[in-house]
There are 2 protein chains.
Amino acid sequence: MRGVMMYGPGDVRVEERDAPEIVEATDAIVRLTATCICGSDLWPYRGAEPLAGTPQAMGHEYIGVVEEIGADVTTVKVGDFVVGSFVASDNTCEICLAGYQSRCIHNVMMGAIGTQAELARIPLADGTLVATPGQPAADLIPSLMAASDVLGTGWYGAVAAEAGPGKTIAIVGDGAVGLCAVLAAKQLGAERIIIFSRHPERQALAKAFGATDVIEERGDEGAARVKEITGGYGAHGTVEAVGTQESMWQAINATRPGGYVGYVGVSHGVELDGLNLFFTSVHLHGGPAPVRQYLPELINLIWDRSIDPGKVFDLTLSLAEAAEGYRAMDERRATKVLLTL
Amino acid sequence: MRGVMMYGPGDVRVEERDAPEIVEATDAIVRLTATCICGSDLWPYRGAEPLAGTPQAMGHEYIGVVEEIGADVTTVKVGDFVVGSFVASDNTCEICLAGYQSRCIHNVMMGAIGTQAELARIPLADGTLVATPGQPAADLIPSLMAASDVLGTGWYGAVAAEAGPGKTIAIVGDGAVGLCAVLAAKQLGAERIIIFSRHPERQALAKAFGATDVIEERGDEGAARVKEITGGYGAHGTVEAVGTQESMWQAINATRPGGYVGYVGVSHGVELDGLNLFFTSVHLHGGPAPVRQYLPELINLIWDRSIDPGKVFDLTLSLAEAAEGYRAMDERRATKVLLTL
């Protein structure tokens, strides 16, 4: 089967590799309908993060049809269309039952498997995959694809930021996750949704998703603007969807004392000074999103066409064109690239 | 009037200084019945933190009798016995109404006033002071004194750690705040309360306050012990009541993914690596405790003799003996020193 391999910074190739096989009785093999390129895939692409292996199989987002199941799998069957999280989880341990499947005591990061491929082995299939009500119409594919990571991650960020009725929620980051956080904040009932963005297309999509205010300033200046338009108080909650030192403090400082910062951008070079943090009095919560927790609800919202998170994909290519997809995202010609099979 | 002045590390003197006067119509003057020495007073005493002035008036904890009120003060009257928070607050702004009086938009840190003295000017008296139901019996003085800071701070830590029925709560720090956090976790219904402590007397008081488990190991080893005795998961919530790099990570690593860390130790030299924090998936919340929020409830619990947090004072001296009080706390001969007037 064919899959995406990264040989080093800027060097992505689509190559033949061995088809996966059932290893554990809890595994499933999924034939992918679509996969995509994540903002986090750009860190090694830009040399900002080392590769786990050379070459490294890439990708952790996936939707598709169950091709084979292990002897112990009971909740999905061959032929089911499934969406899975980017972290495999047993969904039975105390951590999973508390809603933190991404930190399951038996968690497997799907990035270690590489789902930018024709087939993928999904560990802990019962606790990881959710079947859709039937075979999806073609127009639902991008949104279901988004549910596998960026939508679930933006959703988690908005939940961690305590988005809800009457609340003002700010979102740092206008990438796919930030835009999905806007959509999530809107669904969760937020009254005012502030997006930080300098890109006209992303501003437009943010507004379509429910943003009420756009701020173009960044860093301390951006945080000060939020305070300015919220009576001096700051946002009730802020989603951080970038992962840099500047974006973290922008999010923290945009938030009022006692408010909530949901941080879902994978941290790169972030160091939080304890004393400064202490005197912000914010709630800080984040990490890898427990997408599995939200999947049943998100699939329903997509199936009913209540939400259309697939709009974050602004470039669709075939798996064979993956290298061009990485280039387009790296050069910011695309926000998020869908790869079809 | 006499008050405590710090001239530099290790140099504490009780001196005559001008009696405070009403400055704003919202002020009150309180004649102190008792004050105390805080763990945070030891940072400048040890030279680990610069003084705000030389000399600096010390102290931010206080109980006593209202001697005079400004023209706008309505909720306390001359002669009332009052307990106040270590942060003055208007108790009417959005931040106060959300329960974060310590971060009131008009907050005044009482440390800037110096309450280790015979009299103190309390700004924003209506929003800061709470009158007790009457003049307290002598045996209630230490507990009411504790409510002004250490009890309210420990309580906030336990609330931030989401202490409640069925929960396992760990507490890092066996000083007065940590011990009060044990008491708070017990009052809030926690099932299992783990105290990290190597001091027999403090272990005994922690047990009297409700601790069920004592761990003598510190740092990573201490955190590992918590995981060991909680089925590999970690505590549901942990209170951090020290403020060092080691104690913060001990608290974070003792907590399960999705769990809650309430940090109330004023940070000294703490730097949190963003990526490590990201993958812990804990909720992190803390800062200066909004003691004012809890005062009415804490005063009632003390008045009813349901709780006895005054036990954290293991040395009582007169104000004139303040220098000996600082020495005793610095040398760890005392956990917490009460100064009477």
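Here are three short exercises on this structure, each with a worked solution.

Keep in mind that this is a predicted model, where local features need pLDDT of at least 70, side-chain atom pairs count only at pLDDT 80 or more, and totals for chains, interfaces and linings use all residues. Residues are numbered from 1 along each chain as its sequence is written, and chains are lettered from A and ligands numbered from 1 in the order in which they are written.

**Exercise 1. Work out what relation links chain B to chain A.**

Step 1: Start with the general idea that two copies of a chain are related by a rotation about an axis and a shift along it.

Step 2: Lay chain B on chain A; a turn of 180 degrees with a shift of 0.0 Å along the axis does the job, at an RMSD of 0.0 Å (a least-squares fit on the C-alpha atoms of residues with pLDDT of at least 70 in both).

Step 3: That's the relation of a two-fold axis.

**Exercise 2. Describe the contact between chain B and chain A.**

Step 1: Count residues. Chain B and chain A put in 30 residues each, with two residues in contact if their C-beta atoms, placed from the backbone, lie within 7 Å.

Step 2: Look for the top contributor. On chain B's side that is strand E17(B), with four residues (strands are DSSP runs of E, at least two residues, and helices are runs of H or I, at least four, numbered from the N terminus).

Step 3: Check the pairing. Strand E17 (residues 283–286) of chain A runs antiparallel to E17(B), and three bridges join them; strands pair if DSSP finds at least two bridges between them. Leu284(A) has Leu284(B) as its bridge partner.

Step 4: Compare surfaces. Since 100% of the interface residues of chain B are also interface residues in chain A, the copies meet through the same surface.

**Exercise 3. Find which residues of helix H7 (residues 200–209) of chain B are buried, and how they are arranged.**

Step 1: List them: Arg202(B), Leu205(B), Ala206(B) and Phe209(B) are buried. Buried takes 20 or more other C-beta atoms within 10 Å of the residue's own, with C-beta atoms placed from the backbone.

Step 2: Look down the axis of H7(B). The buried residues fall within an arc of 105 degrees, so they line one face of the helix; the arc is that of the directions from the helix axis to the C-beta atoms.

Step 3: See what they pack against: helix H6 (176–187) and strand E12 (192–196) of chain B.

Step 4: Look just past H7(B), where Gly210(B) has a positive phi of about 125 degrees.

Terms used: Buried ≥ 20, exposed ≤ 12 C-beta atoms within 10 Å, placed from the backbone.
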